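Me: I am new to this structure and would like a close look at one part of it. Please take me through the salt bridges, one at a time, and tell me where their residues sit.
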Amino acid sequence: MPVHPLDPIPHRKIIRSWLAPVSRKNTAWALSLVALDLILFTVTLAGAVLLPHPVLQLLAGVLAGLVIGRLFILGHDACHQSFTPHRRLNRWLGRLVFMPSLTPYSLWDVGHNVVHHGYTNLRAFDFVWQPLSLEDYRNLPAWRQLSERVYRSGWAPGLYYALEIWWKRMYFPSRKIMPTRRGIFTTDCVLVTAVAIAWILALAYAASATGQSLPWLLLTAFVLPLFVWNALIGFVVYVHHTHASVAWYDKKADWSAASPFVSTTVHLTFGAGLSTALHHIMEHTAHHVDMGVPLYRLKRAQALLEEKLPGRIVVQPFSWAWYFRTARQCKLYDFERQCWTDFAGRQAG
């Protein structure tokens with residue numbers, strides 16, 4: 001029976017019990033998804049090197065970047081231990097499919113599973129697209145104000161992810177950013193560095209073998225795929241938690257009382273099978289309610305949640321008009337009034 005819109009949201013354990021029937025993991029299905037996406041990555045990357053026309057090579061490079069996103073989503077599930085029933089297999093698969101995005105598995109695990117999911121949209125804890133207050137923004141030096149304007153322009157989500165998430169927090173992070181030091185963090189950073197070096201050396205060999213320019217192949221088969229990947233992941237995490245109806249909190253008690261596992265994320269809907277192409281990562285409310293739901297069950301889990309909690313979940317049909325309106329209006333957050341504002345402090349409409 002659906003929960004009445006005026007009734008309190010049930011305890012998370014109760015909501016998770018609703019999803020239990022659709023949370024079963026399937027190793028064969030998971031392995032088939034890995035095999036499919038690794039084949040797609042190999043084919044698109046080969047196309048970026050071997051196709052006979054520069055435009056076709058560039059197109060293949062773009063597709064390779066999108067496939068990196070698909071592989072990363074599989075790794076994201078594996079890192080949550082929701083991909084297969086086998087913990088060790090999940091760890092190995094996660095590292096494998098994270099390699100094309102150069103993502104250190106253990107550091108992503110801490111930043112995403114512990115921090116982001118543990119404290120979603122809680123200021124000073126969740127660092128992913130955390131909005132500044134007007135006062136915080138005005139106290140920034142001019143160069144930081146400029147970078148904040150660029151990041152939240154709607155045009156540079158990939159730049160934000162590459163610099164603020166990957167470079168600062170996942171690739172050999174400083175002690176200031178990551179005070180806890182573990183050997184596995186360094187090992188995983190060395191691993192992705194080795195992957196990047198091997199990737200570049202393979203392109204150098206391909207350039208020599210095919211008589212092509214190495215800088216050109218580095219562009220089509222290394223820089224461009226990683227650029228597209230960063231743009232995709234930056235966009236995805238931005239739209240998951242930036243919306244005029246999604247709140248951020250600066251007090252833990254207020255955050256806990258708001259049932260943040262339901263109210264702090266967006267279900268962005270698309271047409272033409274795009275949700276399936278992105279492995280259902282946009283069915284994000286169900287994922288935050290229960291990280292144990294495999295990606296290949298999220299569509300059904302999300303439907304169950306929206307059936308049981310009518311009016312409680314932010315469901316947003318995607319359009320570029322909505323996206324850029326959100327980017328224009330949701331620059332900063334007023335934690336006292338509980339609303340998004342622009343850089344002048346005007347409330348989002």
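Reply: Happy to help; what follows is a walk through the salt bridges, with a short look at the surroundings at the end.

You are looking at a predicted model, where local features need pLDDT of at least 70 and side-chain atom pairs count only at pLDDT 80 or more, while totals for chains, interfaces and linings use all residues. Residues are numbered from 1 along each chain as its sequence is written, and side-chain values use heavy atoms, with hydrogens and water left out.

A salt bridge here is a side-chain nitrogen of Lys or Arg within 4 Å of a carboxyl oxygen of Asp or Glu. By that rule, the model has 10 salt bridges.

Let's begin with arginine 123 and aspartate 136, whose closest N and O atoms are 2.1 Å apart. This pair links distant parts of the chain, as the two residues are 13 residues apart. Arginine 123 lies in the loop between helix 5 (105–116) and helix 6 (134–138), and aspartate 136 lies in helix 6 itself. Helices are DSSP runs (H or I, at least four residues) numbered from the N terminus. For exposure, buried means under 20% relative accessible area, exposed over 50%, and partly exposed in between, with a 1.4 Å probe and protein chains only. Arginine 123 is partly exposed because its relative accessibility is 21%, and aspartate 136 is partly exposed as well, at 27%.

Next comes glutamate 164 with lysine 168, joined at 3.0 Å from N to O. Both belong to helix 8 and are 4 residues apart, so about one helical turn separates them. An α-helix has 3.6 residues a turn, so residues three or four places apart point the same way. The partners fall in separate exposure classes: glutamate 164 counts as buried at 17%, whereas lysine 168 is partly exposed at 38%.

Another bridge joins aspartate 250 to lysine 251, with 3.6 Å from N to O. Aspartate 250 is partly exposed at 30%, and lysine 251 is partly exposed at 42%.

Salt bridges can also share partners, and in this way Arg144, Glu148 and Arg152 become one network. Where does arginine 152 sit? Its place is the loop between helix 7 (142–151) and helix 8 (157–170). Arginine 152 counts as buried because its relative accessible area is 1%. Who are its companions? Contact means heavy atoms within 4.5 Å. Setting aside neighbours within four places in sequence, arginine 152 is in contact with Trp129, Gln130, Pro131, Tyr238, Thr242, Ala327, Cys330, Lys331 and Trp340.

Finally, a glance at the surroundings. Helix 8, home of the glutamate 164 and lysine 168 pair, is among the helices against which the buried residues of helix 9 pack. Helix 9 covers residues 183–210, and its buried residues include Phe185, Asp188, Cys189, Trp199 and Leu203. The other packing partners of these buried residues are helix 2, helix 3, helix 4 (87–98), helix 5 and helix 10 (214–241). Just after helix 9, glycine 211 has a positive phi of about 70°.

Terms used
Expected span 1.5 Å × (residues − 1).
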